[in-house]
Amino acid sequence: MTAHLTDPEQLKELLGIPFTPEQTACITAPLAPQVVVAGAGSGKTTVMAARVVWLVGTGQVAPEQVLGLTFTNKAAGELAERVRTALVRAGVTDPDVIDPDDPPGEPRISTYHAFAGQLLTDHGLRIGLEPTSRLLADATRYQLAARVLREAPGPYPALTRSFPTLITDLLALDAELAEHLVPPERLRAYDSELLDALAGARLSNAELRKIPEASGARRELLDLVVRYRAAKRSRDLLDFGDQIARSAELATTRPEVGAILRGEFRVVLLDEYQDTSVAQRLLLSGLFGQGPSGAATGHAVTAVGDPCQAIYGWRGASVANLDDFPEHFPHADGRPANRYSLSENRRSGGRLLDLANGLAAPLRALHAGVEALRPAPGAEADGTVRIALLPTHAEEIDWIADSLAHLVRTGREPGEIAVLCRTAGDFPALHAALVARDVPVEVVGLSGLLHLPEIADLVAVCEVLQDPGANAALVRLLTGPRWRIGARDLAFLGFLRTAVQFEKGLDSALPGGENTVKVLTAHKSKGLEWDVVAVPGLVAGQFPSARARESWTSQPQVLPHALRGDAATLPDLGTWDAKALTAFKNEMRDHQHTEELRLGYVTFTRPRSLLLGSAHWWGPAQKKPRGPSDFLRALYDHCAAGHGEIEAWADEPEQDAENPSLAAGGADLAWPLPLDDEALARRRQAAERVKDRLWAHAPRHGTEEPRPGGTAPGPADADPEDLWPDEPDDLHEPTDLDEPEEPAEPHEPEEHEPVWDEEALPEDTHKDAVPPPRARARSLTPEDTRTVASWDRDLTALTAELRRARATTRDVVLPAYLSASQVLRLAADPDGFAQELARPMPKAPQPAARRGTRFHAWVESRFEELPLPFLGPEELPGGEDFAGEPEILDERDLDELKEAFARTPYAHRTPYRVEVPVHLSLAGRVVRGRIDAVYRDPDSGAYEIVDWKTSRERSADPLQLAIYRLAWAEQHGLAPEEVAAAFVYVRTGEVARPARLPGRAGLEAILLGGAPPDAG
């Protein structure tokens, strides 16, 4: 490899970056294992990219021999772009001189999970894992777990939680077992021993008695985990936890895999290493560290991370991985890996760094190699903090919104501002306040994508469609050209419901690139930066949070500390008495406080120039005051020392004071909300247009001419606030209900009132059909009048519906696109099919059909190496419903069907094609279908269409084969008679070849309304 660089000064000049001595040391370090403790804003990504340039530019490695791993696709893309750009800027690679026969290599930059997935694809067979295994999405995991839970025989007397909670617990325990590579039998043995030990202990309080209760429940939950894992195996499915766990198994048991990868990648970069789990650490160290045998490889691995930013312990990350890197990845001679530090922050002003360093002082004492952040030269006095403690939550929200609106009005770009919250609870209020001040705002992860208004509306439409009691008119409306929501969308409704409940609504977690103020949680801010950051909710108990993490001593879904791979860093419970348990809980509380400190450090190192912090005394619904948290008090001390401004600091409420928010919330509010003037004017205009249309169709009584302008006459001085201006005044007068009513006079039309003739008017099929005028009732209250009006509208709609239902005929236009199964239904029952088109109704879910789909997919997998794509329900193999099949009862029945297929003559032949989508133009319509298999005679070259039938009855319609035969023949320029076609009844092995199949003319006759051809 040619050397382009010889001196670090060349690298600085070529890249145009004035690297610090710390950065230069990391970049030019020799090819050996090293860990870089990179403080916030210290340029770790820049350093990693520059190290690749240095190693490639000095000829030590080729670009394609570099492997970089990080956590998100976004981070992987950014790192890859940085590396690619840096290589070009340094002149190491020339994008204008590329030999197409020998293109230059590129570093492989990937996510940890993608790397593990590729590892299993390439080497999974070494541990018995099929390469066709598919990855489960989170919502699909919950659906499968729910099925396992429903089908489990039980009983499980210790599992007393709700069904959704049990699903969550099952998956949580499964994930923890995978993260720490703990076999189920090891956990079962541990809990059995624990219960034996507790049987002889004196459990003197309720907290101690929870330990055996949790242990017993964990054993029952473990049985469900075992069943869930069996369900995944039987379906060749993996989740993310399985992916990492099986990869770690591969790395720690198959030394040849590590040797292959070390030969392929001479340099490995590990980003955000403090966020890796125990299983990920075992995977990486097994491949590039000590290996399965424990012998040090001395491979050139560079891990970069910051233990002060290890904020994902709650989801399995272990900060100990970064601390213990030198021991896990030693030099070839056994010496611990080298440790470097990056501590110059080029993001934030010095005064902001003083604040962050003060918060992180306890964290620096816990971890080796962590240094206090220092500002870039010249930025020591930069950075400002402004804080406020307000009386109420509403006033705090207003203060934040007013402050940000002022910044935007005075020239600050909205995209340079972020609001970071400890939880998502304040998102709606913050969003509404900023919108009210005309500040462009984007809420990141608004409890998930499915909770966005426009998406929620679409899901609600699907809910209405699935409800058998839904209004038929709404079904027709939504399946029409305006909405175009068809039956296939309903198949995803269960997935969407699961995603809302368990997957945080398909969370859209990354901020967009729009020039808007970003509102997001503090956890999602990691790795990002803004010029201005506002942090509301710095109240006691909220940020830092006082909520304790779930403990294995009381929660069955939590893995006991003794079985975890990072047990040495966690509190231990040695004896089973009240004193020991109290000490354990205190240690757990301290552990949680440390994690909150890390989150605060991440939050307060995001701004470049301005940090806003706020809190309140009275929450929106609390009976006791909250007050400032330790974080806000630290900000107060920082400002009081001259580094910021205290804009407001409300006094603590009196001892017996009441929450003013609760008092304000007790007042009655109008509903629906009153319209603003503009909205009211628009509605009035719409009402006038409706009246114009009514008068245009209604014949007049007498000789009265229409009013100029075409508007219907009405009261001369109608009150604009009167929602019922055309009602007689006497309806609003108080009436004596005890007085006998006089017989009502027969109603005569007034001078300006149209005479309604229902038969003469065009039929109104809207759900908002305007009712005809009615005889004026007497002695009714305004409320009663409105009720009667609603009855009139209902009666009008029902009458119109009845009239349409009694119509003898109704023309229904065939769709432009038809499935093959729809053509079969048209031939068998034209009237019934027309009724389905005119009034489409959702069908009940059919688990048997899904198993039939899986059978077709299984048949395909026998002959195709590639996994199935994710297709719509009608596009799935076997997705169409023919003659009520498939009738597969359960998993055992499905296995029997697979065995029966193996006995058919086609099981031992290799098909020419499988699962072939076809399109056929017939009578101006396009008919679509999917052929199960096409076989070709090796001698004659003749084709045979085959369709698998899993039903127990011999009831397949030959028209299906006729459609497929014609489509295949015309696609290949053959006469239909040259293509054979057969049904294979898999259960019996019978092969049915219909003697007569219609051709194009016969099939088109069906679509044109003729008699179905005789096929058989």
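Is Asp-438 buried or exposed? With a relative accessible area of 69%, Asp-438 is exposed, where exposed means over 50% relative accessible area, buried means under 20%, and partly exposed lies in between (1.4 Å probe, protein chains only). The structure described here is a predicted model, in which local features need pLDDT of at least 70 and side-chain atom pairs count only at pLDDT 80 or more, while totals for chains, interfaces and linings use all residues. Residues are numbered from 1 along each chain as its sequence is written, and side-chain values use heavy atoms, with hydrogens and water left out.

Asp-438 sits in the loop between α17 (427-436) and β13 (441-443). Helices (H or I, at least four residues) and strands (E, at least two) are DSSP runs numbered from the N terminus. The backbone of Asp-438 has a positive phi of about 60°, although this residue is not a glycine. Asp-236 is another non-glycine residue with a positive phi, here about 55°. Asp-236 belongs to the loop between α9 and β5 (237-238) and is partly exposed, with a relative accessible area of 34%. A glycine can be added to this picture: Gly-16, just after α1, takes a positive phi of about 70°. At the N-terminal end of helix α1 (residues 8-15), Asp-7 acts as a cap, with a side-chain oxygen 2.8 Å from the backbone nitrogen of Glu-9. Such a polar contact is a pair of N or O atoms within 3.5 Å; within protein, one must be able to donate a hydrogen and the other to accept it, and residues adjacent in sequence count only if both atoms are side-chain atoms.

Attention now turns to charged pairs. Side chains of opposite charge can pair when their charged atoms come close. The structure holds 43 salt bridges, each defined as a side-chain nitrogen of Lys or Arg within 4 Å of a carboxyl oxygen of Asp or Glu. One of them joins Lys-585 and Glu-207, at 3.4 Å from N to O. Because Lys-585 lies in helix α21 and Glu-207 in helix α9 (residues 206-234), this pair ties together parts that are 378 residues apart in sequence. Lys-585 counts as partly exposed at 31% relative accessibility, and Glu-207 counts as partly exposed at 31% as well.

A further salt bridge brings together the side chains of Arg-346 and Glu-344, at 3.2 Å from N to O. Here Arg-346 is partly exposed, with a relative accessible area of 40%, whereas Glu-344 is buried, with 13%. Glu-529 and Arg-608 also form a salt bridge, and their closest N and O atoms are 2.9 Å apart. This pair links distant parts of the chain, with Glu-529 in the loop between β14 (517-521) and β15 (530-535) and Arg-608 in strand β16 (residues 607-618), 79 residues apart. Glu-529 is partly exposed at 37% relative accessibility, and Arg-608 is partly exposed with a relative accessible area of 25%. In addition, salt bridges that share partners join Arg-141, Asp-174, Arg-229, Lys-232, Asp-239 and Asp-242 into one network.

Helix α21 (residues 578-604) also contains Glu-596. Where does the side chain of Glu-596 reach? It comes to 2.8 Å from the backbone nitrogen of Ser-545. With 3% relative accessibility, Glu-596 counts as buried. In the loop between β15 and α21 lies Pro-544, and the peptide bond from Phe-543 to Pro-544 is cis, with omega near 5°.

Another buried residue is Leu-170, with a relative accessible area of 0%. Leu-170 is part of helix α7 (residues 163-179). The C-alpha atoms of Leu-170 and Val-226 are separated by 9.8 Å, and these residues are 56 apart along the chain.

The last feature is on the surface. Asp-651, Glu-652, Glu-654, Asp-656 and Glu-658 form a negative surface patch. Patches are made of residues with over 30% relative accessible area and no salt bridge, with like charges joined within 9 Å and nonpolar side chains (Val, Leu, Ile, Met, Phe, Trp, Tyr) within 5 Å. Asp and Glu count as negative and Lys and Arg as positive, while His and the chain ends are not counted. The place of a charge is taken as NZ of Lys, CZ of Arg, CG of Asp or CD of Glu. Accessible areas come from the Shrake-Rupley method with a 1.4 Å probe, and for residues only the protein chains shown count as cover. Within this patch, Glu-654 lies in the loop between β17 (644-649) and α23 (660-664) and counts as exposed at 61% relative accessibility.
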